Amino acid sequence: MNAWMRRGLIAAVVATAGVAGVWFGQSRQPQLTEAATTDAARLEALNLADANGQPMPFSAWRGKLQVVNFWATWCPPCREEMPAFSRLAEKYRDRGVQFVGISIDNADNVRRYLQEEKIAYPLLIGGSDAIQLSADLGNGAQAMPFTVIFSPDGKIVERKLGTYKEEELEAILLARLR
């Protein structure tokens with residue numbers, strides 16, 4: 001087996017294992033820990049680019065309720081929840097809520113996806129580094145989708161491995177906006 005085939009096989013096994021954890025009822029949700037809440041500062045230090053190469057610093061969203069979603073174009077559950085995220089992003093933008101997608105994919109795939117689907121929030125390219133960042137934020141399974149909600153003061157207030165239903169996420173946002 002050549003190196004190219006080995007890399008492809010390893011990538012397929014990792015992707016399948018991660019996605020299977022979400023699709024087949026990964027019941028263990030990440031637990032909030034004091035150490036993880038200090039990782040919110042890592043997001044502000046990031047200066048990821050969007051699919052067109054335009055830098056988008058997280059510091060621009062300081063003071064907002066941030067919904068940060070780790071996703072990939074090849075992840076069906078990720079793509080399933082994004083239209084709802086887009087609707088909620090538009091609905092709550094003026095109330096201080098900022099949605100951000102961090103893709104573990106490459107810019108070309110994200111650009112193609114944006115041609116198919118209109119998304120009302122920034123989609124940033126995190127590449128393979130995003131997998132480690134999601135793990136640092138509590139995604140021990142390193143599966144997707146994985147969403148972290150940060151309070152306006154930068155503390156993790158919610159996180160979920162797996163898809164959010166629109167009503168479920170909206171209830172969380174409303175409770176935080178009161």
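What follows is a conversation about reading the features of a predicted protein model.

Visitor: Let's begin with the overall layout. How many helices and strands does the protein chain have, and what pattern do they follow along the sequence?

Guide: This is a predicted model, and its protein chain has seven helices and seven strands. Along the sequence, the pattern is α-α-α-β-β-β-α-β-α-β-α-β-β-α.

Visitor: What share of the residues is buried, and what do the contacts look like along the chain?

Guide: Of the 178 residues, 45% count as buried. Take the contacts with a separation of 6 or more: residues 24 or more positions apart account for 66% of those. As for the surface, the protein chain exposes about 9,300 Å², and carbon and sulfur atoms supply 53% of that area.

Visitor: On to the sheet. How do I read one?

Guide: The general idea is that strands of a sheet pair through backbone hydrogen bonds, in either a parallel or an antiparallel way. Here, seven strands make an open sheet in the order S2-S1-S5-S4-S3-S6-S7, and the pairing is mixed. Strand S2 (55-57) and S7 stand at the edges with a single partner strand each, so one side of each has no neighbour in the sheet. On average, neighbouring strands of this sheet are turned by 30 degrees against each other, direction ignored.

Visitor: In which sense do S3 and S6 pair?

Guide: Strand S3 (residues 65-71) and S6 are antiparallel, with five bridges. To find the register, look for Gln66, which stands opposite Phe150 in S6.

Visitor: And how are S6 and S7 joined?

Guide: Those two also run antiparallel, joined by five bridges. Ile149 stands opposite Glu158 in S7. S6 and S7 form a hairpin with five residues between them, and Gly154 in the turn has a positive phi of about 90 degrees.

Visitor: S7 is an edge strand. Is S7 enclosed or left open by the rest of the structure?

Guide: Five of the six residues of S7 are buried, so S7 is largely enclosed by the rest of the structure. The loop between strand S6 (146-150) and strand S7 (156-161) holds Ser151. With a relative accessible area of 12%, Ser151 is buried. Beyond residues up to four places away in sequence, Ser151 touches Lys64, Leu65 and Val157.

Visitor: Now helices. How do I work out which way a helix faces?

Guide: An α-helix has 3.6 residues a turn, so residues three or four places apart point the same way. Try helix H6 (residues 129-136), whose buried residues are Ala130, Leu133 and Ser134. These cover an arc of only 100 degrees around the axis, which puts them on the same side of H6. Just after H6, Gly138 takes a positive phi of about 120 degrees.

Visitor: Which strands does helix H5 lie across?

Guide: Helix H5 (residues 107-116) lies across S3, strand S4 (97-103) and strand S5 (123-125), and runs at about 165 degrees to S5.

Visitor: What does Leu169 touch?

Guide: Leu169 sits in helix H7 (residues 166-177) and counts as buried at 1% relative accessibility. Leaving aside neighbours within four places in sequence, Leu169 contacts Val67, Phe85, Leu88, Phe99, Ile149 and Tyr164. Take Ile149: Leu169 is 20 residues away from Ile149 in sequence, and the two are 10.0 Å apart, C-alpha to C-alpha.

Visitor: Which residues does the disulfide join?

Guide: A disulfide is a covalent bond between the sulfur atoms of two cysteines. The count here comes to one, joining Cys75 to Cys78 with an S to S distance of 2.4 Å. The torsion about the S-S bond is about 75 degrees, so this disulfide is right-handed. Cys75 is buried at 0% relative accessibility, and Cys78 is buried too, with a relative accessible area of 0%.

Visitor: One last stop, the backbone torsions. Where is the cis peptide bond?

Guide: The bond from Met144 to Pro145 is cis, with omega near 0 degrees. Pro145 lies in the loop between H6 and S6. Gln142 also has its place in the loop between H6 and S6. Although Gln142 is not a glycine, its phi is positive, at about 50 degrees.

Visitor: Is Gln142 buried or exposed?

Guide: In between: Gln142 is partly exposed, with a relative accessible area of 38%.

Terms used. Residues numbered from 1 in each chain as written. Predicted model: local features only at pLDDT ≥ 70, side-chain atom pairs only at ≥ 80, totals over all residues. Heavy atoms only, no water. Helix = DSSP H or I, 4+ residues; strand = E, 2+ residues; numbered from the N terminus. Buried < 20%, exposed > 50% of the residue type's maximum accessible area, 1.4 Å probe, protein only. Contact = heavy atoms within 4.5 Å. Areas by Shrake-Rupley, 256 points an atom, 1.4 Å probe, with all protein chains shown as cover. Pairing = 2+ DSSP bridges. Axes fitted to C-alpha atoms, helices over the stretch in contact; angles between N-to-C directions. Disulfide = S-S within 2.5 Å. Arc of directions from axis to C-beta.
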